[in-house]
Amino acid sequence: MAEFSASIAHEICQPLLGIAANAAASLRWLQRDVPDVDEAIAGLKDIRAGCERAANIVKALGALARQAPLQLQILNIDDVIREAIQLTQPALTAQRVRLETALSVNQSIVADAVQLQQLLVNLITNALEAMAGSAQEESVLRINSFNLKEGVEVCVEDNGPGIPAERREQIFGAFYTTKSTGLGVGLAICRAVVDAHHGRIWAQASACGGARMRFKLPTCCY
Ligand SMILES: Nc1ncnc2c1ncn2[C@@H]1O[C@H](COP(=O)(O)OP(=O)(O)OP(=O)(O)O)[C@@H](O)[C@H]1O
Ligand SMILES: [Mg+2]
């Protein structure tokens, strides 16, 4: 918790320091004998961006904190996967992603549908962002689901640049990001959701060189 608080403080401090510096600079541009309005406007735009970033961090923290309590219901994970695909369909289409699904779960689990949907949307979004930034000929997203003896397993795989072995645990930490506009909370939320369901989530290399994100959920988590 101490470590987490320190990283929150750091994340929020960065945009605030940027805002303060830009405000001071904009004031100086305006207080010149001949005010430079263009420079002041540029500074104000940076201030706006910094405010948005700080607000997004606070919003994301709210999302992390809101995880409990679970709204449990009997559901089929394949239905949740289909809904998540529908939600991300515009981005899948825009990016011309080839989607391959093999959904073969024929048992129900007791889980929170909204939280699982968020988990899947986060994983699909990450896959799309990874493939958008890399040079493969065709983007392929593969989503598989299986029955386990006492639960289900889901695998979301892409053919983007993949995740180096030494970072495959770090990526689940809050505020770890390699994206210029990322907050680094997507996978922290995924892990919080899976933990709340007494499941497990981890990252691997996909056979095609990309990332393979897998999670297991027990049939019943209470
Ligand atoms: N499918 C993937 N392929 C390659 N790298 C990935 C993939 N998924 C996650 N990562 C790496 O893990 C990091 C953390 O992911 P996470 O979803 O937590 O944050 P983010 O996507 O950077 O930002 P946010 O989700 O808050 O918008 C990413 O910045 C990226 O470096
Ligand atoms: Mg993300």
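## Burial and the basis of the model

A residue is called buried when its relative accessible area is under 20%, exposed when it is over 50%, and partly exposed in between, with a 1.4 Å probe and protein chains only. By that criterion Phe175, at 9% relative accessibility, counts as buried. Phe175 has its place in the loop between β5 (151-158) and α5, and its phi is near 75 degrees, a positive value in a residue other than glycine. Helices (H or I, at least four residues) and strands (E, at least two) are DSSP runs numbered from the N terminus.

This is a predicted model, in which local features need pLDDT of at least 70 and side-chain atom pairs count only at pLDDT 80 or more, while totals for chains, interfaces and linings use all residues. Residues are numbered from 1 along each chain as its sequence is written, chains are lettered from A and ligands numbered from 1 in the order in which they are written, and side-chain values use heavy atoms, with hydrogens and water left out.

## Nonpolar core

The largest nonpolar core, a set of buried Ala, Val, Leu, Ile, Met, Phe, Trp, Tyr and Cys residues joined through side-chain atoms within 4.5 Å, has 48 residues, and those with the most contacts inside it are Leu116, Leu119, Leu123, Leu141 and Phe215. Helix α4 (residues 113-132) gives the most to this core, namely nine residues. Because domain 1 (2-65) and domain 2 (72-218) both give residues to the core, it lies between them; the domain bounds come from an automatic or database domain assignment.

With neighbours within four places in sequence left aside, the contacts of Leu116 (heavy atoms within 4.5 Å) include Leu75, Ile77, Val193 and Leu217.

## Ligand 1

Around ligand 1 there are 19 residues, each with a heavy atom within 4 Å of it, and the closest are Asn126, Asp158, Thr177, Thr178 and Lys179. Polar side-chain atoms of Thr177 and Lys179 lie 2.5 Å and 2.6 Å, respectively, from an oxygen atom of the ligand, and a polar backbone atom of Leu187 is 2.9 Å from an oxygen atom of ligand 1. Taken alone, ligand 1 exposes 600 Å², of which the protein buries 88%, with areas from the Shrake-Rupley method and a 1.4 Å probe.

## Helix α5 and the loop after it

Arg191 lies in helix α5 (residues 186-196), and a polar atom of its side chain is 2.9 Å from the backbone oxygen of Ile201. His198, in the loop between α5 and β6 (200-205), is exposed, with a relative accessible area of 59%.

Notes: Polar contact = N/O pair within 3.5 Å; in protein donor to acceptor, adjacent residues only side chain to side chain.
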